[in-house]
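Subject: Structure handover, with notes on its pockets, cavity and core

Dear colleague,

I am passing on the structure that we spoke about, and my notes follow directly below it. Please read them with the structure open beside you.

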Amino acid sequence: MGKRDEVRRRTYAEILETADRLAEREGWGAVTIRRIATEIGYSAPVIYQHFPSKEAVLHTLLVRGNDELTHRMRAAVAGGPASRTPYLAAAAYLEFARSRPSLYQLISGAPGTGIDASTRRAAAADVITFTRQLIGEWAAATACEPPCTEDACDLLWATLHGLAGIGTIEDIGFDRASHLADQAVTALLAHWSARPAHAEKHSHNVRGEA
């Protein structure tokens with residue numbers, strides 16, 4: 001790699017790190033090209049050489065945030081028994097929300113991010129695919145009637161998102177949120193384990209008749 005390429009690589013990384021740091025300190029509404037340039041000590045045109053807009057900066061961070069979350073969840077469940085993977089993945093999700101608050105806000109669509117829901121969901125495709133796979137493997141390992149995997153995935157995500165939210169409340173915190181996550185996952189798995197064999201088929205029939 002030549003010197004010029006190395007400078008571009010470092011500047012590119014510095015822009016993203018500065019945007020993340022600004023968001024963590026002041027919220028995503030404070031992240032603009034001008035503010036990033038001021039924080040780094042460059043002129044705005046230098047930033048535009050790397051990103052055509054603020055939206056491009058945010059989208060890059062959105063994709064990176066989802067990649068990091070996927071990596072953490074995969075690492076957490078690697079080598080673990082399939083019957084425990086929902087718990088391990090839930091713990092990794094909450095740890096990501098705790099340790100990477102600004103990126104988690106971006107992923108979850110916090111005020112000031114300006115990224116629409118369809119874009120956020122598209123960026124989360126790998127995380128969603130992994131979560132569905134995890135639920136399917138849990139069902140196979142426990143010999144349970146698989147729930148509607150899409151519904152189960154969305155329900156698990158909604159539960160963890162809510163717990164991450166209360167984890168940010170100062171007098172609750174992430175330690176309690178993690179404790180509650182164990183109870184929530186236990187309740188979800190018990191519910192899915194108790195489902196009658198015809199439940200999913202009946203559910204699809206009802207949807208089709210609606």
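The second largest pocket holds about 150 Å³ of space, where a pocket is an open set of points on a 1 Å grid over the protein atoms alone, with protein on both sides within 12 Å along at least five of seven lines, and where a volume is the space filled by probe spheres set on the points, which are joined across faces, edges and corners. The residues that line this pocket, meaning those with an atom within 4 Å of a point, are Ala-97, Pro-101, Tyr-104, Gln-105, Ser-108, Gly-109, Ala-110, His-161, Ala-164, Gly-165, Thr-168 and Phe-174. Two or more of the lining residues come from each of α6 and α9, and α6 supplies the largest share, with 4 residues. By class, the lining of the second largest pocket comprises 6 nonpolar residues, 6 polar residues and no charged ones, if Ala, Val, Leu, Ile, Met, Phe, Trp, Tyr, Cys and Pro are taken as nonpolar, Asp, Glu, Lys and Arg as charged, and the others, Gly among them, as polar.

Before going further, please keep in mind that this is a predicted model, in which local features need pLDDT of at least 70 and side-chain atom pairs count only at pLDDT 80 or more, whereas totals for chains, interfaces and linings use all residues. Residues are numbered from 1 along each chain as its sequence is written, and side-chain values use heavy atoms, with hydrogens and water left out.

The largest pocket has a volume of about 360 Å³. It is lined by 15 residues, of which Ile-107, Ser-108, Arg-120, Arg-121 and Trp-157 are the closest to its centre. The elements that contribute two or more residues to this lining are α6 (101–108), α7 (117–123) and α9, and the largest share, 5 residues, belongs to α9. The lining of the largest pocket is made up of 9 nonpolar, 3 polar and 3 charged residues.

There is also enclosed space: the structure holds 1 cavity of 30 Å³ or more, a cavity being a set of grid points where a 1.4 Å probe fits but cannot get out. Its volume is about 60 Å³, and its lining consists of Met-73, Pro-86, Ala-89, Ala-90, Tyr-93, Thr-131, Leu-134, Leu-156, Trp-157 and Leu-160. Two or more of these residues come from each of α5 (85–99), α8 (125–141) and α9 (149–167), with α5 giving the most, 4 residues. The cavity lining has 9 nonpolar residues, 1 polar residue and no charged ones.

As for the overall build, the protein has 11 helices and 0 strands, assigned as DSSP runs (H or I over at least four residues for helices, E over at least two for strands) and numbered from the N terminus. The C-alpha trace spans about 65 × 40 × 40 Å along its principal axes. Of the 210 residues, 38% count as buried, which means under 20% relative accessible area with a 1.4 Å probe and protein chains only, while exposed means over 50% and partly exposed lies in between.

The largest nonpolar core, a set of buried Ala, Val, Leu, Ile, Met, Phe, Trp, Tyr and Cys residues joined through side-chain atoms within 4.5 Å, has 58 residues, and those that touch the most other members are Val-31, Ile-36, Val-57, Leu-61 and Tyr-93. At least two residues of this core come from each of α1 (3–26), α2 (33–40), α4, α5, α6, α8, α9 and α10 (173–193). Not counting residues up to four places away in sequence, Val-31 is in contact (heavy atoms within 4.5 Å) with Ala-19, Leu-22, Ala-23, Ile-36, Lys-54 and Leu-58.

Two single residues may be worth a look. Thr-60 lies in helix α4 (residues 54–77) and is buried, with a relative accessible area of 17%; leaving aside neighbours within four places in sequence, its contacts are Tyr-12, Leu-16 and Phe-51. Arg-8, in helix α1, is partly exposed at 39% relative accessibility, and, with the neighbours within four places again left aside, Arg-8 is in contact with Gln-49 and His-50.

With best wishes
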